Amino acid sequence: MKTINDFNFKDKKALVRVDFNVPQDDQLQVTDNTRIVAVKPTVEKILNDGGSVILITHLGRPKGEVKDEFSLKHIIGEISNVLGQEVKFVDESIGEKAEKAASELKPGEILLLENVRFHNEEEKGDESFAEQLSKLGDAYVNDAFGTAHRAHASTAVIAKFFPSTKFFGLLMANELKAIDKVLKSGERPVTAILGGSKVSTKITIIENILPAVDNLIIGGGMAFTFIKALGGKIGNSLVEEDKLPLALEILGKAKEHNVKVYLPSDAIIAESFSNDAERKEADIYSIPEGWMGLDAGHKSRDQFNDVLLNSRTILWNGPIGVFEMSNFAGGTVALGDSISEATKLGAFSLVGGGDSVAFVKQFGYGEKVSYVSTGGGAMLESLEGLELPGVAAINN
């Protein structure tokens with residue numbers, strides 16, 4: 001893996017593709033700076049070498065139009081704050097103004113280009129747009145794992161203009177190492193926890209990880225499709241009727257790979273999808289009509305805990321209950337506690353996927369697991385075994 005540690009950036013201008021697509025409030029102030037903090041080590045390495053940094057990113061979905069709400073001028077204060085120095089800004093990403101700002105950049109300085117998605121050519125992966133961007137720097141660094149699954153001009157195409165000076169940033173390298181640890185080099189037993197609402201969104205992940213894992217914990221709404229396929233009565237719980245045969249097929253494949261599958265044995269059930277609904281605990285195979293399962297029950301939590309405490313490598317993707325409602329967050333909290341405890345005992349734990357990451361941040365588990373991925377779609381496609389365009393562009 002060719003990373004920035006393999007190069008000295010002294011007197012070089014590094015074009016660094018980052019993912020600063022950060023959440024903002026009504027006043028356009030940044031509400032979560034995790035993605036900015038994550039690239040700080042990459043920026044510092046380049047500056048410490050005596051180089052300068054030109055940051056490329058998108059923000060939101062302006063669809064090729066210049067829109068003030070998507071301008072990076074609104075987040076430059078937060079970027080400067082996190083990186084610990086003034087970041088210069090140019091309100092163009094290509095053209096004379098951008099070229100002038102880049103040429104005047106001195107070693108130790110940082111320049112932020114305007115939102116690349118103000119140009120339609122970015123998402124189209126336009127080669128001449130990528131070439132214009134490439135003229136601004138001497139080296140290209142991709143540290144935007146969150147967009148590595150996109151074959152856009154600044155995430156993949158631009159790399160061809162830097163045949164010998166293209167590198168992974170430290171964040172990208174860490175993301176790829178974490179995934180490799182789960183799928184290839186992790187200490188066994190390896191346990192994957194897949195939650196969330198639908199089996200259909202996780203099929204390819206399940207198929208790809210079966211040869212790599214020893215245990216598969218299936219929770220959340222998707223568990224009910226498996227329970228019904230096995231003959232259980234699930235009341236009004238979420239189910240994908242057309243995926244019942246597939247659920248049985250997955251269980252069969254798991255058996256072929258000697259993977260132990262753990263489904264919830266009980267559930268916290270409610271009369272309606274509401275935090276205030278009447279609720280009780282029930283055997284997951286015998287949920288009465290008119291009731292729906294919204295969280296894993298206590299027996300399930302204990303069973304999952306036993307599996308996790310005996311694991312050495314853990315992948316967690318998807319909650320096992322409707323954690324957004326406090327009365328149905330207990331199962332996912334218990335799971336978070338189990339993973340934290342296993343991590344404390346020396347296991348490597350990787351958390352990825354939008355809802356799991358949101359949970360980890362909201363409930364303060366970020367420091368209690370080994371690695372929290374910054375890329376939702378990119379992480380999922382990696383787990384599906386796909387080579388991401390942004391990764392292939394540096395490797396090839």
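Student: Which residues in H11 meet H12?
Tutor: This is a predicted model, in which local features need pLDDT of at least 70 and side-chain atom pairs count only at pLDDT 80 or more, while totals for chains, interfaces and linings use all residues. Residues are numbered from 1 along each chain as its sequence is written, and side-chain values use heavy atoms, with hydrogens and water left out. Helices (H or I, at least four residues) and strands (E, at least two) are DSSP runs numbered from the N terminus, and contact means heavy atoms within 4.5 Å. On the H12 side the contact takes in Gly-330, Gly-331, Ala-334, Leu-335, Ser-338, Ile-339, Glu-341 and Ala-342, and these meet, in H11, Arg-301, Phe-304, Asn-305, Leu-308 and Leu-309.

Student: How many residues of each class does the contact of H11 with H12 have?
Tutor: Ala, Val, Leu, Ile, Met, Phe, Trp, Tyr, Cys and Pro count as nonpolar, Asp, Glu, Lys and Arg as charged, and the others, Gly among them, as polar. Sorted in this way, the contact of H11 with H12 has 7 nonpolar, 4 polar and 2 charged residues.

Student: Is H11 roughly parallel or roughly antiparallel to H12?
Tutor: The axes, which are lines fitted to C-alpha atoms over the stretch in contact, with angles from 0 to 180 degrees between N-to-C directions, come within 9 Å for H11 (residues 298–309) and H12 (residues 330–344), and they cross at roughly 20°. Angles under 35 degrees count as roughly parallel, over 145 as roughly antiparallel, 65 to 115 as roughly perpendicular and the rest as oblique. The crossing angle therefore makes H11, with respect to H12, roughly parallel.

Student: In which order do the strands of the open sheet of 6 strands stand?
Tutor: Two strands pair if DSSP finds at least two bridges between them, and the pairing in this sheet is parallel. Its edge strands, each paired on one side only, are S3 (88–90) and S6 (166–168), and the twist averages 25° from one strand to the next. The open sheet has the order S3-S4-S2-S1-S5-S6.

Student: Which residue in S6 stands opposite Val-141?
Tutor: S5 (residues 139–142) and S6 pair in the parallel sense, and 3 bridges join them. In this pairing, the residue of S6 that stands opposite Val-141 is Phe-167.

Student: At what angle to S4 does H3 run?
Tutor: H3 is formed by residues 76–83, and S4 by residues 110–113. The helix lies across S3 and S2 (52–56) as well as S4, and with respect to S4 it runs at about 150°.

Student: Is Ser-52 buried or exposed?
Tutor: Ser-52 has its place in strand S2, where it touches residues more than four places away in sequence, including Lys-12, Ala-14, Leu-47 and Pro-107. Buried means under 20% relative accessible area and exposed over 50%, with partly exposed in between, using a 1.4 Å probe and protein chains only. The relative accessible area of Ser-52 is 2%, so the residue is buried.

Student: How many residues of S15 are buried?
Tutor: From S15 (residues 313–317), Thr-313, Leu-315 and Asn-317 point one way, whereas Ile-314 and Trp-316 point the other way. S15 is largely enclosed by the rest of the structure, because its buried residues number 5 of the 5.

Student: What is the bridge partner of Ala-192 in S15?
Tutor: S7 and S15 pair in the parallel sense over 5 bridges, and S7 is also joined to S8 by 4 bridges in a parallel run. While Ala-192 stands opposite Leu-216 in S8, its bridge partner in S15 is Leu-315.

Student: Which residue in S16 is the bridge partner of Leu-315?
Tutor: S15 and S16 pair in the parallel sense over 4 bridges, and Trp-316 has Val-351 as its bridge partner in S16. Both faces of S16 (residues 348–351) are covered, with Phe-348 and Leu-350 buried on one side and Ser-349 and Val-351 buried on the other. The bridge partner of Leu-315 in S16 is Leu-350.

Student: What is the relative accessibility of Asn-258?
Tutor: Asn-258 is placed in the loop between H10 (244–256) and S10 (260–262), and its phi, near 55°, is a positive value in a residue other than glycine. Asn-258 counts as exposed, because its relative accessibility is 67%.
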